[in-house]
Amino acid sequence: MPDTVHDKSGGREPLRFLVFSASLRKDSLNTRLIKLAAEVIEKNGSRVDYAEMKEFDCPSYNQDVETEGVFPAGATEFRNRILANDAIIISSPEFNSSVPGFLKNAIDWVSRFRPQPFNERHVLLMSASPSMVGGNRGLWSLRIPLEHLGARVYPNMFSLATAHKAFTPEGKLEDKTLVTRFGDNIINFMNLAEAATHYPCMKKAWVEFLGEKPDPVTERVE
Ligand SMILES: Cc1cc2nc3c(=O)[nH]c(=O)nc-3n(C[C@H](O)[C@H](O)[C@H](O)COP(=O)(O)O)c2cc1C
């Protein structure tokens, strides 16, 4: 049986990952996938804050309600959990080639908090679907609001095609190649999130891109 758990931690500083499946369904394929992601993170020395979409579910956004200073409990919980963690991994279903409405609605509510908590948060997106595309089109739609809000959405996404046939009875991924690809995707994301969190020299390099003249002070690696 292929092992979904990778162990390539190699001295990484531990981070906290908010991990959730954006499905409200009991037998969700995305929930199965995100549970495997949680295993990889823990095996590689970081902490998992496992959430369920129902904790973040919100009534439809209404600016009149917000103007009264009332935020739904789901939005407050989502905001608090984002702030309590260093990075986020979401496994989201694709609905009509796009983001499920309840997830976009929760993002819209959370975007109204100040400071806006998605800003500069690292996010990895994955999806699972019975289709051959694996829900990947929905992830491209999900990138748009997240990137708009300043989230650092990882370039490589993982979409599990024919997901209804992809799991073993024990909930692991059947296909060995996919096991490797899935684990590597998460570990590479962990490495980037760790570097961004613990080595702020990345931000100095960013400033240099905007046209600063070369200077030993800004080139120095911290
Ligand atoms: C309203 C609705 C729209 C859907 N649209 C798509 C779609 O565009 N692409 C797709 O691959 N699957 C689509 N599906 C099927 C879902 O991928 C499938 O139900 C999947 O199992 C949902 O994820 P979950 O198992 O994590 O709940 C749709 C399902 C619903 C209910």
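# Ligand site, helix H1 and selected residues

Fourteen residues surround the ligand, and of these 14 residues Ser-23, Ser-28, Asn-30, Glu-94 and Ser-129 come nearest. The model described here is predicted. By type, the shell around the ligand divides into four nonpolar, seven polar and three charged residues.

Polar atoms of the protein approach oxygen atoms of the ligand at several places. The table lists three of these pairs.

| Residue | Protein atom | Distance to a ligand oxygen atom |
|---|---|---|
| Arg-25 | polar side-chain atom | 2.8 Å |
| Ser-28 | polar side-chain atom | 2.6 Å |
| Leu-29 | polar backbone atom | 2.9 Å |

Taken alone, the ligand exposes 620 Å², and the protein buries 69% of that area.

## The chain as a whole

The protein chain has 222 residues, of which 47% count as buried. Its secondary structure consists of nine helices and six strands. The accessible surface of the chain comes to about 11500 Å², and carbon and sulfur atoms account for 53% of this surface. Among contacts between residues at least 6 apart in sequence, 79% join residues at least 24 apart.

## Helix H1

Ser-28, already named for its side-chain atom 2.6 Å from a ligand oxygen atom, also caps the N-terminal end of H1. In this cap, a side-chain oxygen of Ser-28 lies 3.1 Å from the backbone nitrogen of Asn-30. Helix H1 covers residues 29-43. At 1.5 Å a residue, its 15 residues should span 21 Å, and the end C-alpha atoms are 22 Å apart, so the expected and modelled spans agree. After H1 comes Gly-45, with a positive phi near 85 degrees.

Which residues of H1 are buried? They are Leu-29, Asn-30, Thr-31, Leu-33, Ile-34, Leu-36, Ala-37, Ala-38, Val-40 and Ile-41. An α-helix has 3.6 residues a turn, so residues three or four places apart point the same way. The buried residues of H1 pack against five strands and one helix: strand S1 (16-21), strand S2 (47-52), strand S3 (87-91), strand S4 (122-128), strand S6 (158-160) and helix H7 (176-198).

Ile-41 is one of these buried residues. Its relative accessibility is 0%, and because buried means under 20%, Ile-41 counts as buried. Leaving out residues up to four places away in sequence, Ile-41 touches Phe-17, Val-19, Ser-46, Arg-47, Val-48, Ile-89, Ile-186 and Met-190. Pro-14 is 27 residues from Ile-41 along the chain, and the C-alpha atoms of the two are separated by 9.7 Å.

## Glu-66 and Thr-197

Glu-66 belongs to helix H3, which runs over residues 63-67. Is Glu-66 buried or exposed? Its relative accessibility is 16%, so Glu-66 counts as buried. The side chains of Glu-66 and Tyr-61 are joined by a polar contact of 2.3 Å. Apart from neighbours within four places in sequence, Glu-66 is in contact with Tyr-61, Phe-71, Trp-109 and Arg-112.

Thr-197 is found in helix H7, the helix against which buried residues of H1 pack. With a relative accessibility of 37%, Thr-197 counts as partly exposed. Beyond its neighbours within four places in sequence, Thr-197 is in contact with Leu-15 and Asp-86. Thr-197 and Ala-87 stand 110 residues apart in sequence, while their C-alpha atoms are 9.3 Å apart in space.

## Backbone features in the loops

Most residues other than glycine have a negative phi, and most peptide bonds are trans. Three places in the loops of this model can be set beside that rule.

Where does Asn-96 lie? Asn-96 is in the loop between S3 and H5. Although not a glycine, Asn-96 has a positive phi of about 50 degrees. At 78% relative accessibility, Asn-96 counts as exposed.

Thr-162 lies in the loop between S6 and H7. Its phi is also positive, near 40 degrees, in a residue other than glycine. Thr-162 counts as partly exposed, with a relative accessibility of 26%.

The third place is a peptide bond. The bond from Arg-114 to Pro-115 is cis, with omega near -5 degrees. Pro-115 lies in the loop between helix H5 (101-110) and S4.

Methods. Residues numbered from 1 in each chain as written. Predicted model: local features only at pLDDT ≥ 70, side-chain atom pairs only at ≥ 80, totals over all residues. Heavy atoms only, no water. Helix = DSSP H or I, 4+ residues; strand = E, 2+ residues; numbered from the N terminus. Buried < 20%, exposed > 50% of the residue type's maximum accessible area, 1.4 Å probe, protein only. Contact = heavy atoms within 4.5 Å. Areas by Shrake-Rupley, 256 points an atom, 1.4 Å probe, with all protein chains shown as cover. Near = heavy atom within 4 Å. Polar contact = N/O pair within 3.5 Å; in protein donor to acceptor, adjacent residues only side chain to side chain. Nonpolar A, V, L, I, M, F, W, Y, C, P; charged D, E, K, R; others polar. Expected span 1.5 Å × (residues − 1).
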